[in-house]
Amino acid sequence: MQILRGYHDAAARRGVRFDFGVEVLGLRADGDRVAALRTSRGDVEGEHFLNAAGAWAATFGLDVAVTPLRRRVAPTILTEALPESMPMTIWTDDGYHVRVRDGRVLLLWPDPAPAGFDTSIDDAWLARVRAFTDARVPSLRGVPIDREQCWAGLYEMSPDKHAIVGRAPRFANAWLANGSSGHGVMHAPAIGQIVAEMIAGAPASIDVRALRPERFAEGAAESSFTLL
Ligand SMILES: Cc1cc2nc3c(=O)[nH]c(=O)nc-3n(C[C@H](O)[C@H](O)[C@H](O)COP(=O)(O)OP(=O)(O)OC[C@H]3O[C@@H](n4cnc5c(N)ncnc54)[C@H](O)[C@@H]3O)c2cc1C
């Protein structure tokens, strides 16, 4: 959240206006241009439009190959069972991993989630996480999971698990910064800079043609890594 606040405050200092609580409902197209966004507070016209809607990128009228994938987090109670200096540790066979954060240990097991926007936590998942933890991290045996602190979020999955960055197919003035597939916090600064350059027509500081939205239709997408 501090990273997010940093982006927000820096952008606000440069004159960006944030309208929180406004829902984009759809688009008003005019030929090959987006003329306006239809929102819960009326139409918003503009010269350029950028879709940065995470797991919801495909829900309001731009053709974006993004689907939601639930990922759940089970924090322990406050504990010193593992040191803050312990690196995030991943069991690469099934993606179970532990991170120490703010005096708790975050336990994550990326189960094969159903498609959709459901972010519920259920007892069966918690029981599996408990069993994995007891078997794999002996020092956490007897350290309870804090049920009230459990949460779930949605990865924004693209078909090849790589970001989708560039001009939206069909539109001359709509841009996509989508599909980072669960590693978008790390990508965010670079994607922000690249998309700003694209919209401004400035030379690209990084070659991201491999991330072009058209690659799926062209049959040029490749997937080469295991998702956690
Ligand atoms: C459990 C978990 C752990 C993760 N760990 C890491 C990690 O260690 N490292 C890492 O790099 N990434 C991690 N990620 C992934 C990371 O959170 C995402 O890749 C990143 O948040 C994507 O950023 P984004 O800006 O594209 O989308 P989001 O952060 O999802 O932001 C999209 C925004 O668009 C808004 N929105 C959507 N639809 C509409 C609409 N119709 N109208 C108005 N607003 C709308 C949403 O409210 C939201 O604020 C993790 C994700 C989860 C769930």
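Student: What makes the 3.0 Å pair between the side chains of R104 and D146 a polar contact?

Tutor: A polar contact is a pair of N or O atoms within 3.5 Å; within protein, one must be able to donate a hydrogen and the other to accept it, and residues adjacent in sequence count only if both atoms are side-chain atoms. The side chains of R104 and D146 are joined at 3.0 Å, so the pair fits that cut-off. Keep in mind that this is a predicted model, where local features need pLDDT of at least 70, side-chain atom pairs count only at pLDDT 80 or more, and totals for chains, interfaces and linings use all residues. Residues are numbered from 1 along each chain as its sequence is written, and side-chain values use heavy atoms, with hydrogens and water left out.

Student: Which backbone oxygen lies 3.1 Å from a polar atom of the R104 side chain?

Tutor: That's the backbone oxygen of T76.

Student: Why is R104 called buried?

Tutor: Buried means under 20% relative accessible area (exposed is over 50%, partly exposed in between; 1.4 Å probe, protein chains only). R104 has 18% relative accessibility, so R104 counts as buried.

Student: How do you know where the ligand lies relative to domain 1 and domain 2?

Tutor: Domain 1 (2–66 + 160–215) and domain 2 (69–152) both give residues to the shell around the ligand, so the ligand lies between them. Those bounds come from an automatic or database domain assignment.

Student: Which backbone atoms lie 2.7 Å and 2.8 Å from an oxygen atom of the ligand?

Tutor: A polar backbone atom of G184 is at 2.7 Å, and a backbone N or O atom of M186 is at 2.8 Å.
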